[in-house]
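Open the model in your viewer and keep the selection panel at hand. The tour goes stop by stop, with something to select at each.

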Amino acid sequence: RAKSTSVSQALIFGIDMKDELTHSSQLLKDIRQSIVDQDFLIYLQPKLNRDETLIGAEALVRWQHPTRGLLNPAAFIDQAEESNFIVKIGKQVLMQVCEQLSLWQRSSETQHLTISVNLSAKQIWQSQFVDDFMLTVNSFDIDKSKLIVEVTETVLLQDIKDATEKMNRLKSHGITISLDDFGTGYSSLNYLHRLPIDEIKIDRSFINDFAEDEQVKLMVKSIVDLANNFGVNVVAEGVENIEQFDLLKEFNVDVYQGFFFSKPISLIEFERYLLT
Ligand code: C2E
Ligand code: MG
Ligand code: MG
Ligand code: MG
């Protein structure tokens, strides 16, 4: 996406694209090599209930780049999607998520915890997506009800019938379906009744704005009420301060995630977090 914009800018403004193209082909080479070397790893961000009890975590991919250090998705996810490398990265992410679930499920203290994994549209559009996904999951001895997949509207927009069918199949295997970045697309509400959604995640842009903005506040409250009426679980992402947390509790949000509680942290840091 970013690339095509800058390509058209280059055409319009005559900017020399050579540097950027060299740069991005290097990035793709690096991604390819790092898939082989398994440099993609997961960080976990805690999800809590209104009592601030830990109920699970969202897995967020990080790239341990051989020379550039630890990279966030913003540095590579668009290119990984455009190139379809995200399909392979996504598989490695899913395996690490299942591995972590199987570890947690060996101990009575952590067996109730869930993990959410983000899915790219490119993964879901693969014709064998559900079979591949379940093959990976079933290669681990885990309680699948603790596995949540997060999808965005982008996934659904292209082919709602195909997406619905695939989500229904995942659900029939006991996987929980979450609609991420809820409210940012133009037809979010349309999906609430059409898709087998168990959970929505209110996008953090709303949470950011709402303390100062009565309109946004009303909107968030309406979204929560609507979801509750549909029996859909509500997660607020990007909770950064106590004012936001208090207000969201008033609105009866079920689950909370954000820097106020914890940033995404490594698996080792998460072990320590579990002890606190
Ligand atoms: P997302 O799924 O909406 O994830 C939430 C993002 O918000 C994460 O950014 C998280 O670090 C950030 N965040 C959480 N709490 C706060 C907060 O209180 N304040 C602020 N300012 N930010 C907060 P991150 O880890 O950089 O991931 C960005 C996006 O990359 C994700 O958005 C998701 O769309 C994508 N992504 C991450 N991991 C994966 C993955 O394994 N596969 C795929 N396909 N996409 C992924
Ligand atoms: Mg997410
Ligand atoms: Mg989100
Ligand atoms: Mg988001």
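## First stop: ligand 2

Select the magnesium ion (ligand 2): along the chain, its donors follow the spacing E-x59-N-x31-E-x29-D. Keep in mind that this is a predicted model. Now show the side chains behind that pattern. The protein donors are Glu58 (OE), Asn118 (OD1), Glu150 (OE) and Asp180 (OD). They lie 1.9 to 2.2 Å from the ion.

Colour by secondary structure and look at two of these donors. Glu58 sits in strand E2 and Asp180 in strand E6, so this pair ties together parts that are 122 residues apart in sequence. Are they buried or exposed? Glu58 is buried, with a relative accessible area of 4%. Asp180 is buried too, at 8%.

## Second stop: across to ligand 3

Stay on Asp180. Which ions does Asp180 bridge? It bridges the magnesium ion (ligand 2) and the magnesium ion (ligand 3). Draw a distance between the two ions: they are 3.8 Å apart.

Next, select the magnesium ion (ligand 3) and its donors. Asp180 (OD), Asp181 (OD) and Glu237 coordinate this ion, and Glu237 is listed with OE twice. The distances run from 2.1 to 2.6 Å. In sequence the donor residues are spaced D-D-x55-E.

Follow the backbone from Asp181 to Glu237. Asp181 lies in strand E6 (residues 176-182). Glu237 lies in the loop between strand E8 (233-236) and helix H12 (242-250). The pair therefore ties together parts that are 56 residues apart in sequence.

Switch on a surface for these two residues. Asp181 has 26% relative accessibility and counts as partly exposed. Glu237, at 9%, counts as buried.

## Third stop: ligand 1

Select ligand 1 and expand to the residues around it. How many residues surround ligand 1? There are 23, and the closest are Arg62, Asp180, Arg204, Glu240 and Phe259. Asp180 thus turns up here as well as at the two ions.

Now look at three polar contacts.

- Arg62: an N or O atom of its side chain is 2.9 Å from an oxygen atom of ligand 1.
- Asp181: an N or O atom of its side chain is 3.1 Å from an oxygen atom of ligand 1.
- Phe259: a polar backbone atom is 2.8 Å from an oxygen atom of ligand 1.

Show the ligand surface before moving on. Taken alone, ligand 1 exposes 800 Å², and the protein buries 84% of that.

## Fourth stop: salt bridges

Hide the ligands and turn to the charged side chains. The model has 10 salt bridges. Start with Glu58 and Lys201, whose closest N and O atoms are 2.8 Å apart. Glu58 lies in strand E2 (residues 54-65) and Lys201 in strand E7 (residues 199-202), so the pair ties together parts that are 143 residues apart in sequence. Both residues are buried. Recall that Glu58 is also a donor of the magnesium ion (ligand 2).

Move to helix H12 and select Asp246 and Lys249. They form a salt bridge, with the closest N and O atoms 3.9 Å apart. The two are 3 residues apart in the helix, about one helical turn. Asp246 is partly exposed, with a relative accessible area of 36%.

Then add Glu150 to the Glu58 and Lys201 selection. Salt bridges that share partners join Glu58, Glu150 and Lys201 into one network. Glu150, like Glu58, is among the protein donors of the magnesium ion (ligand 2).

## Last stop: helix H8

Select helix H8 (residues 160-172) and pick out Lys166. Which residue does Lys166 meet in a salt bridge? Its partner is Asp162, at 3.0 Å from N to O. Both lie in helix H8, 4 residues apart, about one turn of the helix.

Compare the cover on each end of the pair. Asp162 is partly exposed, with a relative accessible area of 22%. Lys166 counts as buried at 5% relative accessibility.

Finally, expand the selection around Lys166. Not counting residues up to four places away in sequence, Lys166 touches Ile124, Trp125, Gln126, Ser127, Phe129 and Val130.

Notes. Residues numbered from 1 in each chain as written. Chains lettered and ligands numbered in written order. Predicted model: local features only at pLDDT ≥ 70, side-chain atom pairs only at ≥ 80, totals over all residues. Heavy atoms only, no water. Donors = N, O, S within 2.8 Å, 3.2 Å for Na, K, Ca; no water. Buried < 20%, exposed > 50% of the residue type's maximum accessible area, 1.4 Å probe, protein only. Contact = heavy atoms within 4.5 Å. Near = heavy atom within 4 Å. Polar contact = N/O pair within 3.5 Å; in protein donor to acceptor, adjacent residues only side chain to side chain. Areas by Shrake-Rupley, 256 points an atom, 1.4 Å probe, with all protein chains shown as cover. Salt bridge = Lys/Arg side-chain N within 4 Å of Asp/Glu carboxyl O.
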